[in-house]
Amino acid sequence: MAEKQPHLNGAYYGPAVPPKKNSYHRPGRGGGCVCGCGCCLLKLIFNLVLTVVVAVGLLALIFWLIFRPNLVKFHVTDAELTQFNFTATNILSYDLKLNLTIRNPNRRIGIYYDSIEVRALYEGQRVASNYLTPFYQGHKNTTTLSTAFQGQQVVQLSTSEQSDFNSEQTAGVYDIDMKLYLRVRFKLGKIKTFRIKPRVKCGLKVPLSSSGSAATTTFQTEKCDIDWRIFR
């Protein structure tokens, strides 16, 4: 058996060891996400959106805990109709008076009513409109407003709508809609919000009363529906 060669001065004289290969990673390849690529941009957008949603949610919660907002309530409490008849040329003659209340139940929120337009409609068609005086409504306050519509207006009725009118005329009670088109701001302490444009709709059944005589039926208070949509 051949003898092993001794090591000289600690050096190794065996077969040559091949050099290590340099690893090379091309950007954009592989499973990782390199900053600046599409996946990182999507991740950044997702994180930003999530942060905004959480922040808005926290602000809404803090706002609710501080102010405890309640919805404003609208009611038509009284209606008087002394004229409501058509001529052969589709001209409607009308005389209508309305009283309505606006209730602000909030203890820390006041309301500026910068614009108040009241419309009376029959069969979806506008009969008349009035603008009421703007005002500020304080905390836990109920405000009563009054308006009157009197005059003539051309209203085109279809055959079915004409039949409905005849039935209402026989019963002495008419289906009339009242709508409010508002521009309001809220006051939270010393802070005033931007204007929003809620719309209020009240479906009314108004009995006809002749001049000097009461109607055969009495008007019942009607609660109104409110659309608080901010953008229109």
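In the predicted model, M178 touches V76, L98, L100, V118, R119, V200, K201, C202 and L204, leaving aside residues up to four places away in sequence. M178 also belongs to the largest nonpolar core, a set of 44 residues in which F74, V76, F84, Y113, M178 and L180 have the most contacts. At least two residues of this core are supplied by each of strand 1 (73–86), strand 2 (91–104), strand 3, strand 4, strand 6, strand 7 (173–188) and strand 9 (199–207). Strand 7 provides the largest share, namely eight residues.

Two of the residues with the most contacts inside the core, Y113 and L180, also appear among the contacts of other residues examined here. Y113 is touched by V72, and L180 is touched by E117.

V72 is located in the loop between helix 1 and strand 1. With a relative accessible area of 4%, V72 is below the 20% limit and is therefore classed as buried. Beyond residues up to four places away in sequence, the contacts of V72 comprise I102, R103, P105, I111, Y113, I226 and W228. The C-alpha atom of V72 is separated by 10.0 Å from that of K140, a residue 68 positions apart from V72 along the chain.

K140 itself lies in the loop between strand 5 (135–137) and strand 6 (141–154). Its relative accessibility is 47%, so K140 counts as partly exposed. The backbone of K140 has a positive phi of about 45°, although K140 is not a glycine. A positive phi is also found at E123, where the angle is about 55° and the residue is again not a glycine. Most residues other than glycine have a negative phi. E123 occupies the loop between strand 3 and strand 4 (125–132), and its relative accessibility of 26% makes it partly exposed.

Strand 3 (residues 109–122) contains E117. E117 counts as buried because its relative accessibility, 8%, is under 20%. The side chain of E117 takes part in a polar contact of 2.9 Å with the side chain of R119. A polar contact of 3.4 Å joins the side chain of E117 to that of Y131. Y131 is also among the residues that E117 touches when those up to four places away in sequence are not counted; the full set is R126, S129, N130, Y131, K179, L180 and Y181.

Charged side chains were examined next. The count of salt bridges in the model comes to six. One of them joins D114 and R185, with the closest N and O atoms 2.7 Å apart. This pair links distant parts of the chain, since D114 is in strand 3 and R185 is in strand 7, 71 residues apart. D114 is partly exposed, with a relative accessible area of 23%, whereas R185 is buried at 18%. A salt bridge also forms between the side chains of D114 and R195, at an N to O distance of 2.9 Å. Here too the pair links distant parts of the chain: R195 lies in the loop between strand 8 (191–192) and strand 9, 81 residues apart from D114 in strand 3. D114, R185 and R195 are thus linked in a network of salt bridges.

Another salt bridge is made by the side chains of K97 and D95, with an N to O distance of 3.5 Å. K97 has a relative accessibility of 37% and counts as partly exposed. D95, by contrast, counts as buried, with a relative accessibility of 12%.

A nonpolar patch is present on the surface of the model. The patch is formed by L41, L42, L44, I45, L48, V49 and V53, which together have about 680 Å² of accessible area. L44, one of these residues, is found in helix 1 (residues 38–67). L44 is partly exposed, because its relative accessible area of 48% falls between the limits of 20% and 50%.

Key:
Residues are numbered from 1 along each chain as its sequence is written. This is a predicted model: local features need pLDDT of at least 70, side-chain atom pairs count only at pLDDT 80 or more; totals for chains, interfaces and linings use all residues. Side-chain values use heavy atoms; hydrogens and water are left out. Helices (H or I, at least four residues) and strands (E, at least two) are DSSP runs, numbered from the N terminus. Buried means under 20% relative accessible area, exposed over 50%, partly exposed in between (1.4 Å probe, protein chains only). A polar contact is a pair of N or O atoms within 3.5 Å; within protein, one must be able to donate a hydrogen and the other to accept it, and residues adjacent in sequence count only if both atoms are side-chain atoms. Contact means heavy atoms within 4.5 Å. Patches are made of residues with over 30% relative accessible area and no salt bridge: like charges are joined within 9 Å, nonpolar side chains (Val, Leu, Ile, Met, Phe, Trp, Tyr) within 5 Å. Accessible areas come from the Shrake-Rupley method with a 1.4 Å probe; for residues, only the protein chains shown count as cover. A salt bridge is a side-chain nitrogen of Lys or Arg within 4 Å of a carboxyl oxygen of Asp or Glu. A nonpolar core is a set of buried Ala, Val, Leu, Ile, Met, Phe, Trp, Tyr and Cys residues joined through side-chain atoms within 4.5 Å.
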